[in-house]
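Student: I would like to go through this protein step by step, with each term explained as we meet it. Could you begin with the terms and then take my questions in turn?

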Amino acid sequence: MKRIAALIGRTALSCWHHGSPRLPPPPAWAPGPPSTCLQVRHLAAKQNKGHFKGAKFKSKPVNLEKQQKQEVEIKQRMTVSELAKAMNKDIDHVYEALLNTDVDLDELEPDTMLEEKWIKEAVKRSGMKHKWAKLVETKVRENKDIQRQPPPDPAQLVPRAPVVTIMGHVDHGKTTLLDSLRKSQIAAQEAGGITQHIGAFRVQLPSGEKITFLDTPGHAAFSAMRARGAMVTDIVILVVAADDGVMKQTIESIQHAKKAKVPIVVAVNKCDKPQADPQRVKEELVGHDVICEEFGGEIQAIHVSALKGDNLLELAEATVALAEVLELKGDPTGPVEGTVIESRTDKGKGSVTTAIIQRGTLRKGCTLVAGKCWAKVRFMFDEHDQAVSEAGPSIAVEIVGWKDLPSAGEEILEVESEQRAREVVEWRSYMEEQDKLKEDQQAIEAKQKQHQDSYKKERESTAHLSWRQRRAAMYRANKHKLIHRASEKTEMEELTLPVIIKGDVDGSVEAILNILESYDADDQCQLDVVHFGVGDISERDINLAETFSGIIYGFNVDANKSIQQMAAKKDIPLRIHRVIYKLIDELKDDLSSKLSPTTEENIIGEASVLATFDVTVGKKKIPVAGCRVQKGLLDKKLKFRLIRGRDILWEGSVTTLKHLKDDVQTVKTGMECGLSLDNEELQYKPGDEIVCYSESEIKQKISWDPGF
């Protein structure tokens with residue numbers, strides 16, 4: 001009612017100002033009636049027209065009326081604040097315009113939706129006229145994406161080499177097997193003898209057949225990379241150690257192969273060892289639906305020794321025989337299609353990808369698109385780092401000339417020009433942005449609905465109150481939330497570890513991120529990945545780490561001397577590792593260091609009170625307990641506790657500890673002593689127990705277990 005009274009007074013005052021200039025100002029004791037004021041305001045334009053009649057402004061009344069008829073763009077479901085903005089007025093003006101209508105002004109808030117008739121009424125009462133806002137027609141953007149070509153004409157197909165993936169558990173001999181096949185020593189170059197990356201190699205057998213091998217890491221951290229290997233391969237060689245049997249990664253490899261519907265050849269390795277049992281291995285594989293030929297299945301099982309080179313030719317021949325059954329063919333004439341196996345940043349070459357060509361013939365100068373990246377092929381290299389001029393189906397090749405670094409697993413497609421490549425990349429970026437906007441819009445709408453539901457519930461409980469009383473009630477209800485917000489933020493900041501991940505290749509970074517996704521100890525310490533990328537540690541990484549007070553973890557990357565000096569100057573820790581085990585172990589240590597230590601209590605000695613007496617010191621009487629040590633010893637430097645029954649009466653330190661008449665530091669088991677505590681008001685009783693104990697801080701360890 002106060003708002004309505006204020007608006008009435010304001011309207012009355014405006015009536016006097018808009019009245020005839022010949023009328024004297026009204027006396028303070030005689031305000032005009034509200035009905036007269038509203039009529040005067042509503043008919044102000046017509047009165048002005050009459051007042052100016054016969055005056056020297058004869059030719060201008062029509063123009064003045066047109067000037068006052070301001071147009072207001074309106075639309076359906078406008079709020080009070082939106083209408084005020086459209087009218088170029090304040091919110092009180094809308095309240096004033098809706099005075100003496102059926103609208104309940106006490107229920108009207110700035111974000112209240114107005115009905116169409118009240119929007120028009122408010123505009124009309126303000127001496128304006130409305131017009132409907134034009135609907136903006138969104139132009140449908142033309143799809144500029146590129147897709148794979150239709151299957152080629154069978155007449156154009158030619159036989160191609162099989163793409164074979166070596167899979168299996170860690171340390172079961174996969175890399176050693178490849179070493180023996182291609183007569184090179186890759187394992188010696190790998191940190192700790194563990195294959196860290198996907199490698200693609202082309203091997204020519206003595207019989208002349210060629211096979212392209214993908215060497216996938218066997219470690220649990222690289223399961224995603226193994227999955228990509230299975231998706232681009234024709235045959236999987238499953239390596240199982242004869243002395244170890246079917247292990248966790250063996251089962252994962254079988255699942256990847258089945259998901260990709262790729263045939264399997266089993267290589268039972270390490271058959272030269274005394275404890276080898278190939279028969280047991282094949283029996284275990286039956287339990288995972290891998291049935292070898294001798295058990296009535298179709299899967300070939302070859303007993304090999306990768307280290308000694310036994311039966312490797314038989315394994316290669318079995319692979320070639322399976323490839324002949326599959327009748328693998330490719331189209332070397334169509335547009336280039338392939339898959340990114342690995343991507344990395346090279347200091348001399350820039351952004352480099354290892355790719356398997358699946359269709360067409362890749363040549364220098366071709367324009368390629370992969371994901372949201374494109375390339376003008378500058379150079380191509382084989383697995384021996386030798387430049388090649390072209391690469392056909394089933395050939396693994398390194399491609400130099402990418403403008404950005406595509407992710408491993410991206411589909412490579414050839415386009416006719418650089419302009420077309422830019423269009424495709426721009427379209428894909430646009431579509432990704434649109435998808436992101438849709439997701440955000442859905443999240444916003446869900447949040448708004450949740451907010452509206454809770455708002456309705458709150459309004460139902462305060463429906464009988466005025467809007468001022470309702471706001472006061474809501475403030476009182478939510479006041480406690482505002483008080484705790486600052487302390488909660490501080491606590492969260494203290495228990496957060498921001499990290500920056502850098503790796504030499506895209507697959508390694510992805511593998512580390514997959515490990516971090518398994519992090520489940522947020523209740524102890526938040527793990528926040530603020531940035532990740534491929535390449536050596538840069539100045540940008542140092543600045544990011546400084547901004548977020550984070551730690552940089554590098555895998556198979558370097559930091560030059562100036563970067564190290566900058567990191568040391570800004571006190572930014574650099575954790576650079578060559579083996580993923582050690583990187584994750586140090587990350588766990590850093591997370592554990594964020595946790596506050598726990599206090600462990602050790603009982604040193606226990607004594608029982610036999611008698612009590614008072615000792616006069618100066619003018620004060622101090623209570624003293626006569627005790628016998630039952631267990632351990634009492635040490636004056638440590639903490640003490642007085643226990644009566646099951647209740648702890650006091651904890652603190654001892655001021656005096658005597659054996660007979662001598663002040664002593666310790667009293668051992670079986671000895672009697674007299675002691676006084678630092679609380680002179682305590683009254684001892686025979687039978688009380690006095691415990692001497694020490695406290696030590698123990699560092700907490702993060703509960704996260706990444707699986708190794």
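Tutor: Two strands are said to pair if DSSP finds at least two bridges between them, and helices (H or I, at least four residues) and strands (E, at least two) are DSSP runs numbered from the N terminus. This is a predicted model, in which local features need pLDDT of at least 70 and side-chain atom pairs count only at pLDDT 80 or more, while totals for chains, interfaces and linings use all residues. Residues are numbered from 1 along each chain as its sequence is written, and side-chain values use heavy atoms, with hydrogens and water left out.

Student: Which residue stands opposite Val352 in E19?
Tutor: Strand E14 covers residues 350-359, and five bridges join E14 to E19, with the two running antiparallel. Strand E19 itself covers residues 396-402. Within E19, the residue opposite Val352 is Val400.

Student: Which residue stands opposite Met380 in E19?
Tutor: Strand E17 (residues 373-381) is also joined to E19, by four bridges and in the antiparallel sense. Opposite Met380, the residue in E19 is Ile399.

Student: How many residues of strand E19 are buried?
Tutor: Buried means under 20% relative accessible area, exposed means over 50%, and partly exposed lies in between, using a 1.4 Å probe and protein chains only. Strand E19 is mostly covered, and the number of its seven residues that are buried is seven.

Student: Is Thr354 buried or exposed?
Tutor: Thr354 lies in strand E14, and its contacts (heavy atoms within 4.5 Å), leaving aside neighbours within four places in sequence, include Val397 and Glu398. Others among these contacts are Ala200, Thr339 and Ile341. Because its relative accessible area is 15%, and the cut-off is under 20%, Thr354 is buried.

Student: Why is strand E32 described as largely enclosed by the rest of the structure?
Tutor: Strand E32 covers residues 672-677, and it pairs in the antiparallel sense over four bridges with strand E26 (residues 620-635). Strand E29 (residues 654-659) likewise pairs with E32 over four bridges in the antiparallel sense. The description follows because, of the six residues of E32, the number buried is five.

Student: What is the bridge partner of Val654 in E32?
Tutor: Val654 belongs to the pairing of E29 with E32, which is antiparallel. On the E26 side, Arg628 stands opposite Glu672 in E32. For Val654, the bridge partner in E32 is Leu677.

Student: Is Leu660 buried or exposed?
Tutor: Leu660 is found in the loop between E29 and strand E30 (662-663), and it has a positive phi of about 60 degrees although it is not a glycine. Because its relative accessibility is 74%, and the cut-off is over 50%, Leu660 counts as exposed.

Student: What is the relative accessibility of Asn100?
Tutor: Asn100 is placed in the loop between helix H6 (91-97) and strand E3 (113-114). Asn100 has a positive phi of about 65 degrees although it is not a glycine. Asn100 counts as exposed, since its relative accessibility is 54%.

Student: What percentage of the residues in the protein are buried?
Tutor: The secondary structure of the protein comes to 18 helices and 33 strands. Of the 708 residues in the protein, the buried ones make up 41%.
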